[in-house]
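User: I have a structure to look at. Could you walk me through the terms used for it?

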Amino acid sequence: MNIPKTNLKRVVIVGGGFAGLELAKRLKGAPYQVVLLDKNNYHTFQPLLYQVATAGLEPDSIAHPLRKIFRGRKQFFFRLAEVKKVQVDQKQVQTNIGNIQYDHLVIATGSGTNFFGNQEIEYYAMSMKNITEALDIRSLLLQHFESALLTDDLQERQALMNVLIVGGGPTGVELAGAIAELRKHVLPRDYPDLDIRQMHIHLIEAAPRVLSGMSEQASEAAQGFLEKMGVQVWLDTAVSSFDGKRAVAGDHEFLSKTMIWAAGVKGSPIPGIPENAVLKNGRIAVNAFNQVEGQEDIFVLGDLAQMASEGQPKGHPMLAQVAMQQGKNLSKNLRNLAQGNSLIPFEYDDLGSMATVGRNKAVVDLPRYKFQGFFAWFVWMGVHVLQLIGFRNKLLVATNWAYNYFNYARDIRLIIRPFSRPSKPDNL
Ligand SMILES: Cc1cc2nc3c(=O)[nH]c(=O)nc-3n(C[C@H](O)[C@H](O)[C@H](O)COP(=O)(O)OP(=O)(O)OC[C@H]3O[C@@H](n4cnc5c(N)ncnc54)[C@H](O)[C@@H]3O)c2cc1C
């Protein structure tokens with residue numbers, strides 16, 4: 001790979017998500033040559049993907065070009081590259097644009113959707129981990145409504161209009177709320193020929209409550225909000241099959257052609273990482289300095305890293321805050337390494353969590369306070385706008401939200417690139 005040679009040691013960072021980006025930004029002025037590799041030339045703000053999927057925001061308002069962030073930075077190089085393999089013995093990574101040597105390697109490739117081995121569900125259900133997938137959901141929802149207008153078969157029409165969301169974590173709850181708002185404010189006006197009352201939104205969760213990572217107070221409030229908005233919430237109910245039209249969950253059968261799977265995540269490791277470090281869930285076991293055991297020059301950050309500790313035997317939650325804080329800690333440790341100082345163990349500072357259900361409705365758990373409703377929604381909006389990267393994105397999102405709020409609108413109802421499933425694998 002064409003990167004200038006220097007006397008500086010080289011840090012190669014794979015992934016410009018929350019962890020990799022934070023680290024790369026904080027290495028400004030450090031005595032290293034920094035090379036950032038990502039298969040996309042932009043950073044994605046995943047917490048707002050659901051708004052892209054439900055026609056509330058344009059995709060470019062939650063994506064930011066990586067090159068722009070590092071404009072003018074000395075000894076920094078970005079390359080648009082998909083990393084294929086790590087060759088630990090040669091201190092080298094293989095990518096689709098060539099190989100690159102490293103002194104320190106940082107892997108922050110995030111996570112993917114976990115279908116727990118169910119290939120049928122994986123084929124028919126939609127997942128939402130990146131902008132392409134969010135746009136696919138937006139297209140599919142609208143395509144199904146266009147098709148519903150064309151059929152006389154009542155069952156078929158019902159299946160086209162119904163939506164199943166599997167997983168009652170923040171993503172499932174936020175999606176269910178946003179689709180319920182589409183049903184209330186937008187779809188009846190867009191499709192006056194359809195009886196929108198026939199559209200059912202089911203949120204199916206295997207655990208006894210939604211938002212199980214938050215307080216019971218937050219779970220109860222979120223469920224209450226959803227039910228008021230007409231979402232049917234199914235708890236203690238695990239989906240076992242989906243053939244593209246019919247889903248089975250416990251004793252229930254659901255008729256729907258749209259299933260959005262938000263029920264599991266797994267690490268996205270890169271081949272070549274020593275096998276004993278790769279856990280069953282695809283995450284990589286790391287020590288308190290984010291190092292892969294036995295590989296002092298390889299660090300893993302963010303969703304991919306599983307750092308077991310006394311209070312957290314399964315590692316920290318897969319959250320943007322954890323990823324950013326690990327990036328920050330590693331930036332200090334790489335400076336320490338350069339100066340021959342000892343490393344600082346990572347400690348997660350839990351700043352709280354939040355989820356929104358819809359207009360004027362959100363739940364917030366802070367370390368000292370928990371609150372729900374309008375104020376929580378206001379806080380949720382403020383925090384998300386502030387966390388977005390770049391003034392343009394902050395402005396776009398804030399103005400879009402203000403417009404949507406006053407007009408009850410979700411105007412980006414465009415089927416720009418129609419969704420079609422790839423051909424069915426032989427084993428299904
Ligand atoms: C829909 C959704 C909603 C969420 N909502 C919240 C929320 O409200 N609050 C919260 O705290 N967290 C939320 N999260 C979780 C949060 O987004 C993740 O914890 C966070 O993105 C993890 O950061 P990361 O840097 O580990 O990975 P990511 O941010 O996923 O970044 C990984 C990067 O690696 C790149 N990459 C992957 N493989 C390769 C490869 N082989 N070669 C080159 N590049 C590669 C990707 O293009 C990407 O840029 C949400 C996640 C999703 C999917």
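Analyst: Here are some questions on the terms, each with its reasoning. Keep in mind that this is a predicted model.

User: What makes the chain as compact as a globular protein of its length?

Analyst: Start with the make-up: the chain has eleven helices and 25 strands. Its radius of gyration is 22 Å, and the globule rule gives 22 Å for 428 residues, so the chain is as compact as a globular protein of that length.

User: What share of the residues is called buried, and why?

Analyst: A residue is buried if 20 or more other C-beta atoms lie within 10 Å of its own. Of the 428 residues in the chain, 44% are buried.

User: How do you know which residues of domain 1 and domain 2 are in contact?

Analyst: Contact means that the C-beta atoms of two residues lie within 7 Å. By that cut-off, 14 residues of domain 1 are in contact with 17 residues of domain 2. On the domain 1 side, α2 gives the largest share, five residues. That side has eight nonpolar residues, six polar and no charged.

User: What makes a residue part of the shell around the ligand?

Analyst: Its C-beta atom must lie within 6 Å of the ligand. This gives 34 surrounding residues, and the closest are Gly15, Gly17, Gln46, Gly110 and Gly302.

User: Which domains supply the shell around the ligand?

Analyst: Domain 1 (9-113 + 265-339) and domain 2 (119-263) each give at least three residues. Helices α1 (18-26) and α7 (170-190) are among the elements that each supply at least two. The shell holds 17 nonpolar, twelve polar and five charged residues.

Technical notes: Residues are numbered from 1 along each chain as its sequence is written. This is a predicted model: local features need pLDDT of at least 70, side-chain atom pairs count only at pLDDT 80 or more; totals for chains, interfaces and linings use all residues. Helices (H or I, at least four residues) and strands (E, at least two) are DSSP runs, numbered from the N terminus. Ala, Val, Leu, Ile, Met, Phe, Trp, Tyr, Cys and Pro count as nonpolar, Asp, Glu, Lys and Arg as charged, and the others, Gly among them, as polar. Domain bounds come from an automatic or database domain assignment. The radius of gyration is taken over C-alpha atoms; the globule rule is 2.2 Å times the number of residues to the power 0.38. A residue is buried if 20 or more other C-beta atoms lie within 10 Å of its own, exposed if 12 or fewer, and partly exposed in between; C-beta atoms are placed from the backbone.
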